[in-house]
Protein chains: 2
Amino acid sequence: MVILQQMQHGLRLSANNLPRICLIPTFSPPPALHDAATTPANQQDLREQGSVFMPRFDSHGLVTAVAVDRTSGRLLMLAHMNAEAIERTRETGRAHFWSRSRGRLWMKGESSGHVLRVVEIRVDCDQDALELIVDAAGPACHTMAQSCFYRRIAADGSLERVVGD
Amino acid sequence: MVILQQMQHGLRLSANNLPRICLIPTFSPPPALHDAATTPANQQDLREQGSVFMPRFDSHGLVTAVAVDRTSGRLLMLAHMNAEAIERTRETGRAHFWSRSRGRLWMKGESSGHVLRVVEIRVDCDQDALELIVDAAGPACHTMAQSCFYRRIAADGSLERVVGD
């Protein structure tokens with residue numbers, strides 16, 4: 001029952017985005033769940049300070065994920081993941097995302113070969129964003145730029161290409 | 001008329017999120033807008049390859065923004081910006097965001113003093129995400145961690161603190 005409540009309140013699943021496998025297979029409720037009522041305040045503490053991965057999906061069942069190059073530290077791309085994308089990424093070590101425009105799961109590089117090998121996954125304080133630290137097999141952007149962030153806003157408000165990309 | 005269409009189609013403004021000042025004050029339609037019909041395909045080309053900043057706001061009038069430390073290259077935080085947050089950030093050089101939970105504009109560090117001085121703003125290929133390259137005046141996270149991404153997913157699926165944070 002506690003686990004069920006945890007899934008309902010912690011993961012905020014919607015009927016359309018149920019994960020096929022629970023994201024917390026080794027779920028072990030931390031002491032606070034036994035010792036205290038799960039008020040919003042200690043739910044927040046658990047999410048921010050705890051050791052349980054409990055992603056906070058939005059109403060579409062998604063979290064934001066950014067890929068960062070392990071060697072250069074450069075921000076490569078930003079996309080979205082649902083529970084299945086997280087699961088596939090962890091299973092395969094290759095970055096998978098949910099395409100909002102195509103409405104389907106995709107593996108980055110599935111057609112180009114420019115896969116992102118995921119070395120580490122970090123999660124932010126409130127667990128609604130992930131950082132994927134990756135080794136990239138090629139340009140991260142479909143435009144063939146190394147990073148999707150290949151333009152900066154210039155002083156006059158126009159966009160200019162970042163040198164070297 | 002072209003400008004109006006550009007704002008309607010390019011910025012996808014919602015009634016609740018009208019910018020107080022047009023984001024493209026020096027708007028100068030690129031040649032393609034004069035020479036060809038603005039089909040979805042060349043709208044996409046303009047957005048991906050052009051020099052006009054035309055952020056693609058979501059249905060809530062927001063784009064995703066990530067802050068990256070200029071010196072270390074480390075990913076610091078992820079938040080959201082509406083048109084006004086972008087405008088204020090560009091005007092003041094201090095990162096402003098739209099708080100979805102509080103429903104208001106906020107300047108990062110307005111209470112803690114841990115402002116983010118924005119050195120450069122980059123935009124991604126389809127212009128729905130921004131990268132803020134910043135100098136941070138203190139911990140970026142409200143938990144006092146240097147970065148909000150202070151935990152990684154361990155092999156057993158639990159979260160563990162990133163060493164040094």
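Two residues are in contact here when they have heavy atoms within 4.5 Å. By that rule, 46 residues of chain A touch 45 residues of chain B.

This is a predicted model, in which local features need pLDDT of at least 70, side-chain atom pairs count only at pLDDT 80 or more, and totals for chains, interfaces and linings use all residues. Residues are numbered from 1 along each chain as its sequence is written, and side-chain values use heavy atoms, with hydrogens and water left out.

Now for the symmetry. With copies superposed by least squares on the C-alpha atoms of residues with pLDDT of at least 70 in both, chain A lands on chain B with an RMSD of 0.0 Å after a turn of 180 degrees and a shift of 0.0 Å along the axis. That is the relation of a two-fold axis. The same surface serves both copies, as 98% of the contact residues of chain A recur in chain B. Of the residues of chain A, Gly73(A) comes closest to the rotation axis.

Here are some numbers for the interface. Buried area is the accessible area (1.4 Å probe) that two parts lose on being put together, summed over both. A salt bridge puts a side-chain nitrogen of Lys or Arg within 4 Å of a carboxyl oxygen of Asp or Glu.

| Item | Value |
|---|---|
| Area buried between chain A and chain B | about 3700 Å² |
| Share of that area on carbon and sulfur atoms | 52% |
| Salt bridges across the interface of chain A and chain B | four |
| Asp128(A) to Arg100(B) salt bridge, closest N and O atoms | 3.6 Å |

Note on methods:
Chains lettered and ligands numbered in written order.
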